[in-house]
Amino acid sequence: MSRVRLQGVSQSYRGVKALDDVTVEVASQRLTVLCGPPAAGKSVLLRLLVGLEQPSEGRILIDDRDITDVPAAQRRIGYVPQSFALFPHVSVFDNIAYPLALQHVSRAEIALRVGQVAEILGINPLLSKRPSQLSGGEKQRAAIARGMLKNADLFLLDDPLVGLDFKLRESLMEDLKDMRAELGATFLYVTSDSLEALTMAEDLIVLDAGHVVEANPVAEVYHSPRHLRAAELVGFPRCNVLAGVLDAGGLCRTGIVDFPLSAPTNFVGEVAVVARPEQIAYRADGAPATVRLMENLGAECVVYFEAGGQTLVTSVPSPSVAHLDIDSPFPFVVRGEGLLVFDRASGALVGRG
Amino acid sequence: MEPGAPATINQSRDAPVASTGPWEGFTRFLGRRDVLPFLLLAPVLIFFIVWNLIPTLWLLGLGFYRFSLTSGRPPRFAGLYNYRSILNDSGVWIDLSRTFLFVFFAVVTETLLGMALGLLFWNSHRLPGRRIALTMLFSPMVLTPVAAGTFWRLIYDPTFGVLNSAIRGLGFSSVDFLGDGRVAFAAVLGVDVWMWTPFMVLMTLAALASVPKAELEAAEIDRLAWHQRLRLIVLHHGKFILMLGILLRTIDAFKTMDLIYDMTYGGPGSATQLVAMTLYRRAFEAFNMGWSSALAVILLLISIAFTATFIFVLHWRERREAES
């Protein structure tokens, strides 16, 4: 068991707040992904949790035990830093094994456990090598192995797959998920990659400019975000945000699509309407638009097109747009049902179409 | 030309494309790939030849001559006579041993103290007064040795020196630091340590700056003891800079003359007579230039040996690490 709670945590550097009054919970035995844009405060939050920094304000609790003032060495947390932090003068085996050796675990058990984790991560042939003899991906896997091998219930991973090639990332994502399930531990995984967040997460915490904008199960954050920034930050391709006005009759008008809200609301005024790419379809009888950019991903094609002075994005099956090129006409329709409507000033969810 | 006719270029095939004056030929010569590198190196080469190579060769040659400025005779070629004379001179061996002792104690003390102080100042960015403390710490290093020697001679003075005043204040009798053969060597050594420990602090701080923060943090999380962190991380990453500092201090301490000249002039007796002081006295008091040149060559070879050992050890460790 390792339920983590942050209560009113703030962290300032020379008067600049990197984290501002963060109150959030990381559920026990789940894989929670902390995502957000660069400089949102993700790594700072992780450093506070691991004990490398002390918060300016607030408390940190693990299983109701206040660990705010507990030194890093006594927190029993597995940590995989963004930089590999491997000792260059000892072998990969010793790099992975030394936290266990420091805990006075027997040599036989160390060999067994290092062997197991090396097997999972595919680094068995590398154990006798020095870090300088490894590629970036191999170093990263060695660093993950070291972090994972610690006797801990809580593991913090700071963007561990950054810079790795796509194939390796895919395979390591699966390995990490399997490892979490096998250990029955709590994983808090930090990334700024929206696709990685969606692939990995059971729960998702969205951090933006030092504030938690949303913390919910991943499907809920994607389909029913409570805040405009959460909708903007989670999703690939990115969502389309249309400026609109919501009238007293519950009708939402944008320059591109007008639709009624599915449930009544008291809100009247300027709104931001979020349309996910899958809510926009390419149809011959649709509104006129012009293709600006096409990214062929194989089965799918991401099309950026211009309509009403605004650039929108959608994802369509590649064969259906194979004949299109830059500046080709791109007639489209937006499905009104499911569109999310947010208060443009506060970013709070007002309703949906 | 008829109006409306196409324009033509009135130029013969034999006409020169551009004029080639002597200046242009010269600049083209300077720009040649086989000339330009030497041209760019010329200032430093000239400096090196005039101030290093010629005096060294002169010194090397003079070492093979019997040449005394007081004899009034021209230099006489004597082969290895000066070198044999030096090797058979017990006084030189004693001075050399004393110098090695001085170098050993000075460098070890300065390195240990420098590392300790460097570690204290490391990560003390938030400490109030850090900059002032560092400036004060480094100030002895920027003093000229003669000024430092005079300064400490006054402090050590048995009659009105502040140190003896404090000793008397504690109820003890005065100590003649520079006049007593039993303590003079330690007193001069202390001044050298005072002057040059800041240099090792500087080298330690530079070495510490090269230590990756992530490795230290990983060690902190994994509960590595401080001495393990020092050995496995700090010394591993900072060893090159620290070894360079030790080498520079060793060579510099080996040449110590100015401090001795100002504080004790090698005395009392020969208690503080280091080999550089011996060289000075034989050259500029006895004016035995041939003998002094030979001794200078031997000292130069010893300094080169220090450097060669340092480079060998460094490469040997790198090779060993790469092989393992």
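**Entry 1. Terms and model**

I count as helices the DSSP runs of H or I with at least four residues and as strands the E runs with at least two, numbered from the N terminus. The model is predicted.

**Entry 2. A:Asp63**

I looked up A:Asp63 and found it in the loop between strand E4 (57-62) and strand E5 (65-66) of chain A. A:Asp63 is not a glycine, yet its phi is positive, about 50°. I then checked its exposure: the relative accessible area of A:Asp63 is 34%, which makes the residue partly exposed because that class lies between the 20% and 50% limits.

**Entry 3. Chain A overall**

I counted eight helices and 21 strands in chain A. Along the principal axes, its C-alpha atoms fill a box of roughly 70 × 50 × 35 Å. Of the 353 residues in chain A, 54% are buried. I also took the contacts of chain A between residues at least 6 apart in sequence; 65% of these join residues at least 24 apart.

**Entry 4. Interface of chains A and B**

I listed the contacts between the chains: 18 residues of chain B meet 21 residues of chain A. The two chains bury about 1,700 Å² between them, with 59% of that area on carbon and sulfur atoms. On the chain B side, B:Ile221, B:Asp222 and B:Arg223 supply 36% of the area buried against chain A, more than any other three residues.

I searched the interface for polar pairs. The rule finds two salt bridges across it. One of the pairs I looked up is B:Glu217 with A:Arg47, a salt bridge whose closest N and O atoms are 2.5 Å apart. Five residue pairs are in polar contact across the interface, counting pairs with both residues at pLDDT 80 or more.

Which elements give two or more residues to the side of chain B that touches chain A? I find helix H9 (213-221) and helix H10 (226-254) of chain B. The largest share, eight residues, comes from H9(B). By type, this side of chain B divides into seven nonpolar, four polar and seven charged residues.

**Entry 5. B:Arg223**

I went back to B:Arg223, one of the three residues that lead the buried area of chain B. B:Arg223 lies in the loop between H9 and H10 of chain B. Its phi is positive, about 65°, although B:Arg223 is not a glycine. B:Arg223 is partly exposed, with a relative accessible area of 41%.

**Entry 6. A:Arg146**

I placed A:Arg146 in helix H4 (residues 136-148) of chain A. Why does A:Arg146 have no salt bridge? The nearest side chain of opposite charge, B:Asp222, is 4.5 Å away, and the pair does not count because a salt bridge needs the nitrogen within 4 Å of the carboxyl oxygen. A:Arg146 is nevertheless buried. Leaving out residues up to four places away in sequence, I find that A:Arg146 touches residues of both chains, among them A:Phe84, A:Phe87, A:Tyr98, B:Ala218 and B:Asp222.

**Entry 7. Cis peptide bonds**

I checked two proline bonds. The bond from A:Phe236 to A:Pro237 is cis, with omega near -5°. A:Pro237 sits in the loop between helix H8 (228-233) and strand E11 (240-246) of chain A. In chain B, the bond from B:Gly267 to B:Pro268 is cis, with omega near -5°. B:Pro268 sits in the loop between helix H11 (258-263) and helix H12 (275-284) of chain B.

How values were computed: Residues numbered from 1 in each chain as written. Chains lettered and ligands numbered in written order. Heavy atoms only, no water. Contact = heavy atoms within 4.5 Å. Buried area = accessible area lost by both parts, 1.4 Å probe. Polar contact = N/O pair within 3.5 Å; in protein donor to acceptor, adjacent residues only side chain to side chain. Nonpolar A, V, L, I, M, F, W, Y, C, P; charged D, E, K, R; others polar. Buried < 20%, exposed > 50% of the residue type's maximum accessible area, 1.4 Å probe, protein only. Lys, Arg positive; Asp, Glu negative; His and termini not counted.
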